Amino acid sequence: MERGGGLVLVCDDTEPIRRLIRMNLELDGYRVEEVCDGEALLARLQGETAELPGVIVLDAQMEPRDGWWAITQIRADPRLIHIPCLMVTASVQQHDRVQAEAAGLDAFVPKPFDPDYLVELVQGFMAEGREHEPAP
């Protein structure tokens, strides 16, 4: 599988988690930007000239806007709907998994997580994105 290349946007309110994800993705050649909550994520994505990421990695539990709110906003926006979204969260009850599927998440990764597994997921979604670029 092709490695690296592309932008990943990481959204988590816990700085050490963002740093762990960033380090592992950067080691694999990805560019990484970080935001700390769903509101900051949407603000970053809605910039007219902002580069859209190839993948978004987000947490569920954040203040003031959580990952569930953010994924709902992303999936409702025609400019953003195609971006693969991976939720990395400690919220792993069955109802969380059902909510993740209903919200249109592409992957649901329970914390604690294996960083290598997360990188493999990002690689897979990035490879798919290069094959199926959305129409402008």
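In this predicted model, the largest nonpolar core holds 22 residues, and L41, I56, L58, W68, I74 and L105 touch the most other members. A nonpolar core here is a set of buried Ala, Val, Leu, Ile, Met, Phe, Trp, Tyr and Cys residues joined through side-chain atoms within 4.5 Å. Who supplies this core? At least two residues each come from β1, α2, β3, α3 (67-75), β4 (85-89) and α4 (94-103). Helix α3 gives the largest share, four residues. The helices and strands are DSSP runs numbered from the N terminus (helices are H or I with at least four residues, strands are E with at least two). Residues are numbered from 1 along each chain as its sequence is written, and side-chain values use heavy atoms, with hydrogens and water left out. Because the model is predicted, local features need pLDDT of at least 70 and side-chain atom pairs count only at pLDDT 80 or more, while totals for chains, interfaces and linings use all residues.

Two of those core residues can be looked at one by one. L58 is found in strand β3 and is buried, with a relative accessible area of 1%. "Buried" means under 20% relative accessible area, "exposed" means over 50%, and "partly exposed" is in between (1.4 Å probe, protein chains only). Leaving out residues up to four places away in sequence, L58 touches C11, L41, G67, A70, C85, L86, M87, V88 and L105, where contact means heavy atoms within 4.5 Å. H95 is not in that picture: L58 and H95 sit 37 residues apart in sequence and 18 Å apart in space, C-alpha to C-alpha. W68, with the same sequence neighbours left out, touches A60, M87, D96, Q99, A100, L105 and F108. There is also a second, separate core of 20 residues, which includes V8, V88, L118 and L121.Next comes the sheet. Five strands form an open sheet in the order β2-β1-β3-β4-β5, with parallel pairing; two strands pair if DSSP finds at least two bridges between them. β2 and β5 (107-110) stand at the edges with a single partner strand each, so one side of each has no neighbour in the sheet. On average, neighbouring strands are turned by 20° against each other, direction ignored. For such angles, axes are lines fitted to C-alpha atoms (for helices, over the stretch in contact), and angles between N-to-C directions run from 0 to 180 degrees.

Strand β1 (residues 7-11) is mostly covered, as five of its five residues are buried. L7, L9 and C11 point one way, V8 and V10 point the other way, and all are buried. With strand β2 (residues 31-35), β1 pairs in the parallel sense over five bridges. Within β2, E33 is the bridge partner of L9. From β1 the chain goes through α1 to β2, and this β-α-β crossover is right-handed: with the strands pointing away from the viewer, the path from the first strand over the helix to the second runs clockwise. V10, for its part, stands opposite E34 in β2. Strand β3 (residues 55-58) runs parallel to β1 and is joined to β1 by four bridges, and L58 in β3 is the bridge partner of C11.

The helices pack on this sheet as well. α1 touches β1, β2 and β3, and its direction makes about 170° with that of β2. α3 lies across β3, β4 and β5, running at about 175° to β4. N24 lies in helix α1 (residues 15-27) and is buried, with a relative accessible area of 18%. Residues up to four places away in sequence aside, N24 touches P115 and V119.

What about R44, buried or exposed? R44 sits in helix α2 (residues 38-45), and at 15% relative accessibility R44 counts as buried. The side chains of R44 and E33 are joined by a polar contact of 2.6 Å. A polar contact is a pair of N or O atoms within 3.5 Å; within protein, one must be able to donate a hydrogen and the other to accept it, and residues adjacent in sequence count only if both atoms are side-chain atoms. Residues up to four places away in sequence aside, R44 touches L7, L9, E33, V35, A50 and E51.

Finally, two peptide bonds deserve a look. Most peptide bonds are trans. A cis peptide bond, with omega about 0°, joins E63 and P64, and P64 lies in the loop between β3 and α3. Another cis peptide bond joins K111 and P112, with omega about -5°; P112 is in the loop between β5 and α5 (115-131).
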